[in-house]
Amino acid sequence: MKIALDPTPYHHSHSLLEFPKVVADLGYKYMQMTPHPDFIPFYNHPKADDELVGQLKKACTDAGIEIASILPVLRWSGPDEDAREAAVRYWKRAIQIAVDLGVSTMNTEFSGRPEKAEESERAFYRSMEELVPIIEREGIDLLIDPHPDDFVEEGLAAIRVIRGVNSKNVGMVYVASHSFHMKDSPLEIMRAAGDRLRLVHVADTMDHHASHGLRYITNPPGNPVRVHQHLKVGDGDVNWDEFFGGLKEIGFLDREDTVMVSSVFAEDENADEVSRYQLDTMKQYVQKVSV
């Protein structure tokens, strides 16, 4: 298992090519590349040309770290057909960038709309028909997160949709800070996913169902919002013994093809301290459940 840092907290304080050194200085050996305006921005065509990709690869080598995963977020399940077709084209370039960087793991979201779930599912499978042959040919692990406010939000439902693709190269991401939107317990979802679960994001969140649904109040009541945070471990309600214990039970912690990512976005002003805390805490939990 690779333990990686998501450098999103440093997007406004450092340039893209500075990320590898930042990650190395914080004690990590791996980095996850998330949407960035100079790399693969949200919903739009990748902006990295071959020269920049080469510079990023060299910066990683110079810093002594590796890119464990690349996370594009593109509208490949969007119910708008023009946007879906564009997203497939963007995905093809994103996959080529991953190949050129020597990265075999990509993770993403379903990126559809919950109010148009049936249309979004049709769009998703239409995109996968075109992309799966490329993914399989290039040896890419494509792992998908059931994100809040998507056409698939629940963990077990996500496993069914992923299973329907019928490709061993397509699996699941479990984002701990989405736990309270996924309906079933982390352990139940992990057991059902098995070896389809190959990447997790470690960040805490509060249970918005707590206090009889009044932990968070939106005005007017009934707004169709999805509340969650990406806090450091211990600042929310995620059951971390269950989370790490479940990963141990399904063999996630002992495999070479799995990635564990620190993805805290709520404390940019303390990013260095929080990133080091996350690394130490993840290692402690891994050791705890492994003895």
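**Parallel strands, aromatic pairs and an enclosed cavity**

In strand β5, I144 is the bridge partner of T108. The model is a predicted one, in which local features require pLDDT of at least 70 and side-chain atom pairs count only at pLDDT 80 or more, while totals for chains, interfaces and linings use all residues. Residues are numbered from 1 along each chain as its sequence is written, and side-chain values use heavy atoms, with hydrogens and water left out. Helices (H or I, at least four residues) and strands (E, at least two) are DSSP runs, numbered from the N terminus.

T108 belongs to β4, and β4 and β5 run parallel, joined by 5 bridges; two strands are taken to pair if DSSP finds at least two bridges between them. Strand β4 spans residues 105-109 and is mostly covered, with 5 of its 5 residues buried. Buried here denotes under 20% relative accessible area, exposed over 50%, and partly exposed in between, with a 1.4 Å probe and protein chains only. The side chains of β4 are divided between two directions: T105, N107 and E109 point one way, M106 and T108 the other way, and all are buried. On β6, β5 pairs in the parallel sense over 3 bridges, and L142 stands opposite V170 of β6. Strand β6 is largely enclosed by the rest of the structure, because 6 of its 6 residues are buried.

Aromatic contacts were searched over the whole structure, giving 12 aromatic pairs. One of these joins F124 and Y125 in an edge-to-face arrangement, at 5.3 Å centre to centre and 65° between the planes. Rings of Phe, Tyr and Trp (its six-membered ring) pair if their centres lie within 6.5 Å; planes under 30 degrees apart count as stacked, over 60 as edge-to-face and the rest as tilted. F124 is buried, at a relative accessible area of 0%, whereas Y125 is partly exposed at 24% relative accessibility. A further pair is formed by Y174 and F243, whose ring centres are 5.9 Å apart with planes at 55°, so this pair is tilted. The Y174 and F243 pair links distant parts of the chain, 69 residues apart: Y174 is in strand β6 (residues 170-175) and F243 in helix α8 (residues 240-249). Y174 has a relative accessible area of 0% and is buried; F243, at 1%, is buried too. Ring pairs also connect W76, W91, F110, F124, Y125 and F151 into a cluster.

Two non-glycine residues with positive phi were noted. Y43 has a phi of about 70° although it is not a glycine, and is found in the loop between β2 (30-33) and α2 (50-63). With a relative accessibility of 33%, Y43 counts as partly exposed. The charged end of R75 sits over the Y43 ring, 3.7 Å from its centre; the criterion is NZ of Lys or CZ of Arg within 6 Å of the ring centre and within 35 degrees of the ring normal. D149 likewise has a positive phi of about 70° without being a glycine. D149 lies in the loop between β5 (141-145) and α5 (155-165) and is partly exposed, at 28% relative accessibility.

The structure holds 1 cavity of 30 Å³ or more. A cavity is a set of points, on a 1 Å grid over the protein atoms alone, where a 1.4 Å probe fits but cannot get out, and lining residues have an atom within 4 Å of a point. The largest cavity has a volume of about 60 Å³, where volume is the space filled by probe spheres set on the points, and grid points are joined across faces, edges and corners. Its lining consists of L5, D6, P9, S262, V264, E267, A271, V274 and S275. Helix α9 (residues 271-290) provides the largest share of this lining, 3 residues. By class, the lining of the largest cavity divides into 5 nonpolar, 2 polar and 2 charged residues; Ala, Val, Leu, Ile, Met, Phe, Trp, Tyr, Cys and Pro count as nonpolar, Asp, Glu, Lys and Arg as charged, and the others, Gly among them, as polar.

V274 lies in helix α9 and is buried, with a relative accessible area of 6%. V274 and Q229 are separated by 45 residues in sequence and by 15 Å in space, C-alpha to C-alpha. V233 is placed in the loop between α7 (210-213) and α8 and is buried at a relative accessible area of 3%. From V233 to R196 there are 37 residues in sequence and 24 Å in space, C-alpha to C-alpha.

Notes:
1 Å grid on protein atoms, 1.4 Å probe; cavity = no way out; pocket = protein on both sides within 12 Å on 5 of 7 lines; lining within 4 Å.
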